[in-house]
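I opened a fresh page today to keep track of what I look up, one topic at a time. Follow along in the viewer if you like.

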Amino acid sequence: MKVRKRIQNIEGAQWKGDNFEEVYKVAGRNAKEAPDRERLSVATPIGIFLIDKGDWVLVFEDESVFPVKEHIFDKDYEIVEDGLPKPK
């Protein structure tokens with residue numbers, strides 16, 4: 001049997017190293033700047049993760065927050081505008 005990941009629109013922000021406010025708007029208190037100021041600390045239901053520049057912070061429908069490495073984001077997700085895929 002083949003299955004497909006359910007399509008849903010979720011909130012997300014990519015950590016670029018200088019956009020903490022943007023990430024904070026998405027993740028709220030779950031995101032904190034790490035002491036080295038190069039990475040972010042993200043609290044998830046399964047623990048705290050450090051994310052690097054280029055990684056994404058996603059907030060799912062149940063409001064759980066998870067980091068996603070950039071290469072996985074590029075493979076599994078796409079940016080949308082008004083519920084439709086954003087042209088590349």
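**Entry 1: the open sheet.** A reminder to myself before I start: this is a predicted model. I began with a single pair of residues, and found Ser41 standing opposite Leu50 of β4. Strand β3, residues 40-44, is joined to β4 by five bridges, and the two run antiparallel. Stepping back, I see an open sheet of three strands, ordered β2-β3-β4, with antiparallel pairing. Its edges are β2 (31-33) and β4 (47-51), each of which pairs on one side only. From one strand to the next, the twist averages 25 degrees.

**Entry 2: the hairpin.** Next I looked up β5 (residues 56-59) and β6 (residues 65-68), which pair in the antiparallel sense over four bridges. Which residue of β6 is the bridge partner of Val59? I found Val65 there. The two strands make a hairpin with five residues between them. In its turn I noted Glu63, whose phi is positive at about 70 degrees.

**Entry 3: helix α1.** I then turned to α1, residues 20-27, which lies across β2 and β3. Against β2 the helix runs at about 155 degrees. Which residues of α1 are buried? My list reads Phe20, Val23, Val26 and Ala27. Viewed down the helix axis, these buried residues of α1 fall within an arc of 125 degrees, so they line one face of the helix. Glu21 and Lys25, on the other side of α1, are exposed.

I also checked what covers the buried residues of α1, and the cover includes β1 (11-14), β2, β3, β5 and β6. So the strands of the hairpin come back here, because β5 and β6 are both among those covering elements. Just after the helix, I noted that Gly28 has a positive phi of about 60 degrees.

**Entry 4: salt bridges.** How many salt bridges does a search of the whole structure find? I wrote down five. One of them is between Glu38 and Lys53, with 3.0 Å between the closest N and O atoms. Glu38 sits in the loop between β2 and β3, and Lys53 in the loop between β4 and β5, so this pair ties together parts that are 15 residues apart in sequence. Glu38 is partly exposed, at 42% relative accessible area, and Lys53 is also partly exposed, at 46%.

My second pair was Asp52 and Lys69, whose side chains meet in a salt bridge at 3.2 Å, N to O. Here Asp52 lies in the loop between β4 and β5, while Lys69 lies in the loop between β6 and α2 (70-76), so the pair ties together parts that are 17 residues apart in sequence. Relative accessibility is 33% for Asp52, which counts as partly exposed. Lys69 is partly exposed as well, at 36%.

The last pair I looked up was Lys75 with Asp76, where the N to O distance is 3.5 Å. Are these two exposed or partly exposed? Lys75 is exposed, with a relative accessible area of 65%, whereas Asp76 is partly exposed at 35%. To finish, I traced shared partners and found that salt bridges join Asp52, Asp55 and Lys69 into one network.

Note on methods:
Residues are numbered from 1 along each chain as its sequence is written. This is a predicted model: local features need pLDDT of at least 70, side-chain atom pairs count only at pLDDT 80 or more; totals for chains, interfaces and linings use all residues. Side-chain values use heavy atoms; hydrogens and water are left out. Two strands pair if DSSP finds at least two bridges between them. Axes are lines fitted to C-alpha atoms, for helices over the stretch in contact, and angles run from 0 to 180 degrees between N-to-C directions. Contact means heavy atoms within 4.5 Å. Buried means under 20% relative accessible area, exposed over 50%, partly exposed in between (1.4 Å probe, protein chains only). The arc is that of the directions from the helix axis to the C-beta atoms. A salt bridge is a side-chain nitrogen of Lys or Arg within 4 Å of a carboxyl oxygen of Asp or Glu.
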